[in-house]
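Please report on the strand, helix and chain contacts of the model shown here. Keep it brief.

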Amino acid sequence: MPLLELRGLTKRYGGILAVDQVTMSVEPGEVRAVIGPNGAGKTSLFHLITGVVKATEGDVLFDGQRVTAMPAFGRCQLGMSRTFQITALFPEMSARENTSLAAQARDKQRWRPLGGGSVFAEAQRRGDAALERLGLTHVADRPAGLLSHGDQRLLEVAMALAQQPRLLLMDEPTQGLSVEETAQAVDVLAGLFASSDLTVLLVEHDMEVVFRLARKITVLHRGAVIADGDPEAVKADATVQSAYLGGYV
Amino acid sequence: MRMTIAVAVLLALLPLGLPPYAMTLLTEALIMALFAMSLDLMVGYARLISFGHAAAYGLGAYTCGNILLHTDIPLPFAVLMAGVFSGVVAIGVAWVCTLATGVSFSMLTLAFGQLLYAVAFKWTSVTGASDGLAGIPRTKGPFGTAFFGTKTGFYYLTMACLFGSFLFARAVVRSPFGAVLRGIRENEAKTLSLGYNTRLYKIAVVAMSYMLGGLAGALYAPFAGFANTELLFWLLSGQVLIMVIVGGTGTLVGPILGAVFFLLVQQQLSTYTDSWALVFGAIFILFVLFVPDGIMGLARRRRAH
Amino acid sequence: MDFLAFLVTQCLNALSQAALLFFLGCGLTLIFGIMRIVNFAHGAFFMLGAYVGWSAVYVTGSFWGALVAAPILVGGFGAAFEMGILRRLYGRDGHSFLMVTFGLTLMMGEAIRLIWGVAALQVVMPQSLSGIVFILDEPFPIYRLFLAGAGIVVAVVIWQFLERTRLGLLIRATSQNAEMVHALGTDVRLVRSAVFGIGCGLAGIGGVFAAPMVTASLGMAPNAVIDTFVIVIIGGMGSFLGSMIGALLVAFVQVFGSYYFPDFALAFMYLIMLTILVVRPGGLLGKEA
């Protein structure tokens with residue numbers, strides 16, 4: 001059974017059709033990318049999956065459960081963790097406090113108003129493990145707002161990992177990074193995906209990044225899916241080439 | 001913790017050496033300090049700026065006043081009951097106010113405060129309308145003791161409420177719950193996306209804040225012997241917000257200092273002029289402009305040097 | 001009373017009330033839309049307008065003189081406050097503005113008490129407006145008709161000002177992209193001072209218009225600021241048309257609510273605001289969700 005399944009998912013803003021009857025799925029252990037030119041509806045689709053906006057039609061299923069009407073925080077509690085297109089952190093907290101707060105969200109006693117030493121200890125243990133996996137241990141005590149752009153991006157991934165997600169959702173993971181920073185971040189992410197059985201869905205417009213990270217690709221054009229499959233097959237697809245890749249490949 | 005105990009011991013010893021009028025002033029200062037500290041829970045830790053915190057104070061005062069006027073419930077219990085009642089009402093208020101965020105949230109708190117103020121003028125049987133509740137007694141008990149009704153006894157009761165509340169508030173802000181509040185303060189959208197139902201956390205902290213603010217108001221009613229609509233007026237909400245900002249938000253101790261500072265300033269100024277709102281406003285603007293982290297921030301910077 | 005006559009006079013009443021609220025709401029929303037500043041002192045500027053209006057009538061003996069003098073003085077004071085204080089806060093978060101203007105409200109209230117005293121001051125309305133007319137055989141005060149008319153005139157003037165004049169264009173451009181306007185050689189700082197001054201001046205005019213009906217008193221500021229925010233929250237922060245709709249809605253609820261359910265008029269107003277906050281958190285015409 002797919003971990004994430006979209007069935008005829010549609011989003012209309014007034015008269016504009018942002019997402020048009022999208023049906024696709026993400027199998028457990030798969031790293032899938034959604035690509036498409038600007039305005040293809042990638043971000044809208046991402047919002048529908050994470051629960052930031054509500055679908056006009058269609059369904060989102062997570063592990064067989066209908067989550068179409070569930071608010072964002074509820075979906076996260078089921079095991080969907082996300083990163084943002086524009087890095088979202090707690091800038092005045094240290095990197096360690098950032099990952100710790102992220103891990104705490106998975107604790108049954110996360111809301112405890114008194115005491116809670118054991119909650120903190122467990123959250124920090126998971127948070128530190130996530131920092132280490134992304135090679136951020138050496139900056140753990142620095143305020144997140146003072147880290148380099150590249151490290152901030154990775155810290156956001158670390159926060160998601162600290163939640164031990166069943167599905168990792170990434171919105172343009174290299175957006176806003178320099179060429180050099182992008183290369184470094186992609187190296188770290190590729191290593192991470194290779195060494196784990198994480199299920200990942202990422203939205204990205206940078207082709208090089210997509211072809212290095214993703215094992216499966218879904219192509220979006222004007223809100224609708226026009227191709228779906230292995231990177232090689234997608235590259236070869238004539239519709240995709242005319243619609244999107246142009247002279248790129 | 002050592003500091004807290006030292007201050008507690010010092011305050012506990014004060015009644016031995018202070019003249020009665022100073023005791024009265026000090027008791028009032030501690031009540032105000034509790035009120036300011038309660039607001040800091042919202043403002044300082046979750047960046048929920050309230051322009052209507054007098055609602056908590058007035059609710060506590062009128063509730064406690066009615067309990068004392070109409071029942072024999074011992075004074076300390078009446079005070080606690082009024083505080084809890086204020087906190088329970090706050091759940092409804094917060095449910096409404098958290099529909100909005102940022103400035104709209106602030107305006108909703110003000111609107112609710114003014115609504116309560118208007119209600120207090122009409123609901124004569126409970127509030128005494130514009131006359132207010134007069135002759136609020138200090139009931140006996142528990143166990144028939146009249147101690148809490150005496151000047152010194154009431155001072156100790158106030159002190160116990162302040163320290164109990166302080167320890168409670170400090171435990172809350174250092175708990176997992178408090179960590180989530182800090183997350184909300186720094187980036188609410190991110191906190192939500194991590195899987196926290198941020199609105200529930202905000203409602204909870206507003207309820208706690210109102211409970212402690214209500215406790216302060218509940219102490220004021222038997223302290224002054226009356227409760228009137230002034231206790232619900234927006235100017236009081238403004239004054240307490242100023243105390244919190246000037247003292248230093250997100251510190252709990254700062255607002256306590258801010259309240260004591262302003263009460264002393266007011267005491268000194270009132271011999272020269274009755275227009276201290278002018279001075280209040282000016283000090284406040286200067287602090288926001290030049291010392292946004294308040295007295296506590298000044299102290300921290302001095303220590304860092 | 002004839003129901004039709006009742007309906008017509010009450011609607012006219014509501015229109016005149018809406019005009020007053022509109023002066024407040026559109027000034028606040030203008031300032032917010034262009035400067036992203038939430039001006040808590042808006043009610044205090046309204047109150048100042050009423051008091052300055054009283055003094056102007058006292059000195060010049062003419063209500064029309066007050067209508068000219070008050071907005072200029074109040075607007076000038078607002079612009080000066082922007083230049084002296086608010087300008088230092090650009091770049092800080094929105095709450096700083098809220099708190100500084102809140103401090104200003106406290107100070108203005110006290111200063112007005114010191115200058116004009118505690119007693120409410122009655123502004124005499126001009127002879128030509130003080131009578132009544134009969135509408136469908138029902139008496140109706142001319143002043144209220146005048147007020148409704150003034151509201152419509154001012155709304156049209158502001159709209160044309162924003163649409164047609166060079167300063168209006170600059171103001172709209174600054175709200176879209178301040179850096180670009182600056183790069184094109186306009187002093188954005190002056191535009192901001194002007195906008196803040198105009199917004200406060202509008203509140204000042206509102207104060208003068210209100211004074212003959214409700215007298216100038218110290219209680220004006222907090223009530224005005226709450227009404228204003230209710231309007232703007234309903235209409236949507238920063239929307240000119242929204243503030244007009246909000247003012248109309250609130251005025252009709254106030255007038256009809258206080259006729260049918262005198263004890264619950266206030267609650268009705270809040271109920272509308274809450275409904276809108278639940279259904280459309282950004283307000284009817286607001287951009288932010």
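Six strands of chain A form an open sheet with mixed pairing, in the order β6-β7-β8-β3-β9-β10. Strands pair here if DSSP finds at least two bridges between them. Helices (H or I, at least four residues) and strands (E, at least two) are DSSP runs, numbered from the N terminus. The edges are β6 (80–83) and β10 (224–229) of chain A; each has a single partner strand, so one side of each is left without a neighbour in the sheet. On average, neighbouring strands are turned by 15 degrees against each other, direction ignored.

This is a predicted model: local features need pLDDT of at least 70, side-chain atom pairs count only at pLDDT 80 or more, and totals for chains, interfaces and linings use all residues. Residues are numbered from 1 along each chain as its sequence is written, while chains are lettered from A and ligands numbered from 1 in the order in which they are written.

β6(A) and β7 (residues 167–171) of chain A run parallel, joined by four bridges. T83(A) stands opposite M170(A) in β7(A). Helix α5 (residues 149–162) of chain A packs on the sheet and touches β6 and β7 of chain A. Its direction makes about 175 degrees with that of β6(A). Angles run from 0 to 180 degrees between N-to-C directions, and axes are lines fitted to C-alpha atoms, for helices over the stretch in contact.

Most residues other than glycine have a negative phi. Two glutamines of chain A carry a positive one.

| Residue | Phi | Place | C-beta atoms within 10 Å |
|---|---|---|---|
| Q21(A) | about 50 degrees | strand β2 (residues 16–26) of chain A | 15 other |
| Q164(A) | near 45 degrees | loop between α5 and β7 of chain A | 14 |

Q21(A) is partly exposed, and Q164(A) counts as partly exposed. The cut-offs are 20 or more other C-beta atoms within 10 Å for buried, 12 or fewer for exposed, and partly exposed in between, with C-beta atoms placed from the backbone.

In chain C, helices α2 (residues 42–60) and α3 (residues 63–84) pack at about 135 degrees, with axes 8 Å apart. That makes α2(C) oblique to α3(C) (roughly parallel is under 35 degrees, roughly antiparallel over 145, roughly perpendicular 65 to 115, and oblique the rest).

Which elements of chain B give two or more residues to the side that touches chain C? In total, 28 residues of chain B are in contact (C-beta atoms, placed from the backbone, within 7 Å) with 30 residues of chain C. The elements are α5 (102–122), α11 (234–247) and α13 (276–290) of chain B. α5(B) gives the most, with 11 residues.

How values were computed:
Two residues are in contact if their C-beta atoms, placed from the backbone, lie within 7 Å.
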